[in-house]
Amino acid sequence: MSTESTQASLQLTIATRESRLALWQAEHVKALLEAQGHSVTLLGMTTQGDQILDRSLSKVGGKGLFVKELEVALEEGRADIAVHSLKDVPMDLPAGFELACVMEREDPRDAFVSPNYESLEAIPQGGVVGTSSLRRTVLLRAARPDLRIEPLRGNLDTRLRKLDEGQYDGIVLAAAGLKRLELEQRIRHVMEPQQMLPAAGQGALGIEIRSGRPELVAALQPLVHMPTWLRVSAERAVSRAMGGSCSMPLAAYATLQGDVLQIDAAWGDDQTEGAVSLVRATARATVTTLEQATALGEQVARELIAQGARPAQPASH
Ligand SMILES: NCc1[nH]cc(CCC(=O)O)c1CC(=O)O
């Protein structure tokens, strides 16, 4: 039997944000598709999310702001695919769009970065840690109620610069982004999931297309990593069942051993002062389909809610 691909080679345009991380991710997908025999060009664009770097994203409309312009480019046929950090992709895509591919996950964990301290534990009483993520804030407040958590926004390079300017004793960033940009040497300590449970989808890339393009789905098939897709389906199901917003004090992290999927989730109340008590839930089951993975995530969300986690109000837009 011939090993030659029977698939047509396509001319593809990737819509991408222009941050260094987004461009790395788009170039990565470009190289993989070129290795499959396709020709690929990038279409860079600035999204609303990139322009609003001074206010908390959760206050101005959420992470969907990073994907909207890319979807417009897909809609208008200026691009064929959009590459996203799955963590930034809303739980429900607009009608007419679909997630056609989830790729193999990079390190899903958070990393502690600091010029002066080797770990979160080493920061002195009352120190300052930078993050604008509600998830990281509640997990940090649960681990170290004495610390001051200060906002930290901007792309990876901006955040590292603010750390180096001395505004913080340490900051917490996704290990995946640092590794992709060859900034791994900045990591002082990779935080284990027991302490800093990752966000749904962290470290995984997803590829979005307009629905109804089977030739694209086929072209993306070789890039699909099913174990990652099963894990992130469970994680994203927790977020969806908690109200669909990506900006809530929620962590969801799944692991796969053979066919056994385990999903751990945590929710913390960001409305209270002082130490945060976390609500945690976990479930495991043998899983072979995305639907089963989704069902396991929903089960964990119900468990969180039964223990007092508050789902977000349905969005009004
Ligand atoms: N919130 C922004 C964002 N979206 C994806 C990543 C990192 C890469 C990834 O998770 O795939 C980051 C940076 C961070 O959280 O430190």
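This report describes the fold, the core, the ligand shell and a few single residues of one protein. The structure is a predicted model.

**Overall form**

The protein contains 10 helices and 13 strands. Its radius of gyration is 20 Å, close to the 20 Å that the globule rule gives for 317 residues, so the protein is as compact as a globular protein of that length. Measured out along the principal axes, the C-alpha trace spans about 65 × 45 × 40 Å. Buried residues make up 41% of the 317 residues. Among contacts with a separation of 6 or more, 73% are between residues 24 or more positions apart.

**Domains**

The domain assignment divides the protein into domain 1 (7–105 + 204–224), domain 2 (110–190) and domain 3 (226–310). Between the C-alpha centres of domain 1 and domain 3 the distance is 24 Å.

**The nonpolar core**

The largest nonpolar core has 81 residues, and those that touch the most other members are I14, V238, A251, I263, A265 and V300. Helix α9 (residues 226–241) gives the most to this core, namely 7 residues.

I14 can be followed further. Apart from residues up to four places away in sequence, I14 touches A26, V29, K30, V40, L42, L43, A79, I81 and V83.

L12 belongs to strand β1 (residues 11–17). L12 counts as buried because 20 other C-beta atoms lie within 10 Å, and 20 is the number from which a residue is called buried. With neighbours within four places in sequence left aside, the contacts of L12 are L33, H38, V40, D80 and I81. V40 and I81 are thus among the contacts of L12, and V40 and I81 are also touched by I14.

**The ligand shell**

Which residues surround the ligand? They are S85, K87, D88, L173, A174, A176, G177, Q202 and G203. By class, this shell has 3 nonpolar, 4 polar and 2 charged residues. Strand and helix both take part: β8 (170–174) and α7 (175–180) each supply at least two residues of the shell. In terms of domains, at least three shell residues come from domain 1 (7–105 + 204–224), and at least three come from domain 2 (110–190).

**Two loop residues**

E182 lies in the loop between α7 and β9 (187–190). Most residues other than glycine have a negative phi. The phi of E182, however, is near 55°, a positive value. Is E182 buried or exposed? E182 counts as exposed, because 9 C-beta neighbours lie inside 10 Å.

P151 sits in the loop between β7 (148–150) and α6 (156–164). P151 has 12 C-beta neighbours inside 10 Å and so counts as exposed; the limit for an exposed residue is 12 or fewer.

**Distances across the chain**

Two pairs of residues that are separated in sequence are listed here with their C-alpha distances.

| Pair | Separation in sequence | C-alpha distance |
|---|---|---|
| L12 and L216 | 204 residues | 9.0 Å |
| P151 and A281 | 130 residues | 28 Å |

The L12 and L216 pair links the buried L12 to a residue 204 positions away along the chain, at 9.0 Å in space. For the exposed P151, the C-alpha atom of A281 is 28 Å away.

Notes
Residues are numbered from 1 along each chain as its sequence is written. This is a predicted model: local features need pLDDT of at least 70, side-chain atom pairs count only at pLDDT 80 or more; totals for chains, interfaces and linings use all residues. Helices (H or I, at least four residues) and strands (E, at least two) are DSSP runs, numbered from the N terminus. The radius of gyration is taken over C-alpha atoms; the globule rule is 2.2 Å times the number of residues to the power 0.38. Two residues are in contact if their C-beta atoms, placed from the backbone, lie within 7 Å. A nonpolar core is a set of buried Ala, Val, Leu, Ile, Met, Phe, Trp, Tyr and Cys residues joined through C-beta atoms within 7 Å. A residue is near a molecule or strand if its C-beta atom, placed from the backbone, lies within 6 Å of it. Ala, Val, Leu, Ile, Met, Phe, Trp, Tyr, Cys and Pro count as nonpolar, Asp, Glu, Lys and Arg as charged, and the others, Gly among them, as polar. Domain bounds come from an automatic or database domain assignment.
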